[in-house]
Amino acid sequence: MKAEKLYLGNIITMNEINPTAEAICVSNGIILYVGDKKTARSLCDEKTEVIDLGKNTIYPGFMEAHCHPLGAGKLLDPEALCDVSSGQCLEDYVSILAKFIAKYPHRKSYTGHGFMERDVKPVASMLDSICPDKPVTLMTTDGHSMWLNTKAMELYGINKESAKEYGPDTCRVFEDGTPTGYISENPVFDTRKQIPLEMEDGLRYLRNAQNFFLSKGYTAVYEAGVELSDKNAADIYVQSIKQGDLKLRVYAGSIIDENCEDIEGAIKGIVEKQKKYNNEYFKIIGVKTFSDGVVEAHTGLLLDDYNDQPGYKGVYRTTDHDKLVKVYKAAAENNMNVHVH
């Protein structure tokens, strides 16, 4: 087989024995040879395209080990949501969001990202003061907590009953049991499931993320829980491939609830997803589950108490440890990667 393309340059191989090379021969997307120019040219003919990069360097692409491309692409779209990360306190976040709402007054709802919970806890009334009649949701920088206004709580079912079910560690409440508008972990993920992602928006977000990753030298990423972006996120990746847009290789974990009742059925469901979706550029490679949250939201599970909450060590999301072990064993039996948060 003759090479379709010959790349010449300063090649970094990441191989300890032969760390550098002069040439790479490629055919049908497969590397045929990496080494010296003379041998490489012997694998070429008159049809071979020669790309001579001179003294410039060629190196293996980086792989991002944990990300959410659709969410990242949305963050890169200034019109899609309000970035409040420049703020330093709750009042700053509200002020930034108020300006965004004033700029886009005809929207049916508003989303934002980038706030951090510090000493003062956020409450719905602060968002109600700038937008009482439309749903407003604001995500923390870590993606595990959300601040909602009253309209959003009504729309997404955050009320006394659901707050009692979730518990006060993840759905904060006032003394009378009424939700404050500040939630973390499961109530956040349950709320996000109710916010649909349109195909065209998803494709745009994916292009945004891909352009960013490729510009930084990343050629592959791990999508840490494909369903976290949207229940139809896999379809967005496949549609991007059909359109010839996806050049970034995406490896994904598929979510299994940490308290799953039907482990065999859940694993079988992922196997079916692999058969349906897996191809060269998008592959579901295994399972993602949660064992705890994050320190920023006081939901990360610690060995010692939180300094500001004596007697409290965080949230252990798994009600049955042995069941979680069974998930891991079942995944391994099906040659699946296991990712535990």
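## Cys82 and the six-stranded sheet

Let's start with a pair of residues: Cys82 has Gly112 in E7 as its bridge partner. This is a predicted model, so please read what follows in that light. The two strands involved, E6 and E7 (residues 110-115), run parallel and are joined by two bridges.

Both strands belong to an open sheet of six strands, arranged in the order E6-E7-E8-E9-E11-E10 with mixed pairing. Which strands stand at the edges of this sheet? They are E6 (82-83) and E10 (171-173); each has a single partner strand, so one side of each has no neighbour in the sheet.

## Strand E14 and its two partners

Further along the chain you will meet strand E14, which covers residues 282-289. Six of its eight residues are buried, so the rest of the structure largely encloses E14. On one hand, E14 pairs with strand E13 (residues 249-255) in the parallel sense, over six bridges. Within this pairing, Val250 has Phe282 of E14 as its bridge partner. To get from E13 to E14, the chain passes through helix H11 (residues 263-277), and this β-α-β crossover is right-handed.

E14 also runs parallel to strand E15 (residues 337-340), with four bridges joining the two. Here Val287 stands opposite Val338 in E15. The chain travels from E14 to E15 by way of helix H12 (residues 321-333), in a β-α-β crossover that is right-handed.

## Helix H10 and the loop after it

Now step back along the chain to helix H10, residues 233-242. Its buried residues include Ala233, Ala234, Ile236, Tyr237, Val238 and Ser240. A general point helps when looking at any such list: an α-helix has 3.6 residues a turn, so residues three or four places apart point the same way. After H10 comes Gly244, which has a positive phi, near 75°.

Between H10 and E13 there is a loop, and Leu248 lies in it. Is Leu248 buried or exposed? Its relative accessibility is 0%, so Leu248 counts as buried. Setting aside neighbours within four places in sequence, Leu248 is in contact with Gln210, Phe213, Leu214, Tyr218, Thr219, Ala220, Val221 and Tyr281. For a sense of scale, Leu248 and Ala297 are 49 residues apart along the chain, and their C-alpha atoms are separated by 32 Å.

## Tyr156 in helix H5

Another residue to look up is Tyr156, found in helix H5 (residues 150-156). With a relative accessibility of 12%, Tyr156 falls under the 20% limit and therefore counts as buried. What does Tyr156 touch, not counting residues up to four places away in sequence? Its contacts are Thr137, Leu148, Thr191, Gln194 and Ile195.

You can also compare a sequence distance with a spatial one here. Tyr156 and Asp308 are 152 residues apart in sequence, and 30 Å apart in space from C-alpha to C-alpha.

## A nonpolar patch on the surface

Finally, turn to the outside of the model. Met1, Ile30 and Leu32 make a nonpolar surface patch of about 330 Å². One of these residues, Leu32, has its place in strand E3 (residues 30-35). Leu32 has a relative accessible area of 33%, so this residue is partly exposed.

Methods: Residues numbered from 1 in each chain as written. Predicted model: local features only at pLDDT ≥ 70, side-chain atom pairs only at ≥ 80, totals over all residues. Heavy atoms only, no water. Buried < 20%, exposed > 50% of the residue type's maximum accessible area, 1.4 Å probe, protein only. Pairing = 2+ DSSP bridges. Right-handed = clockwise from strand over helix to strand, strands pointing away. Contact = heavy atoms within 4.5 Å. Patch = residues over 30% accessible without salt bridge, like charges linked within 9 Å, V, L, I, M, F, W, Y side chains within 5 Å. Areas by Shrake-Rupley, 256 points an atom, 1.4 Å probe, with all protein chains shown as cover. Salt bridge = Lys/Arg side-chain N within 4 Å of Asp/Glu carboxyl O.
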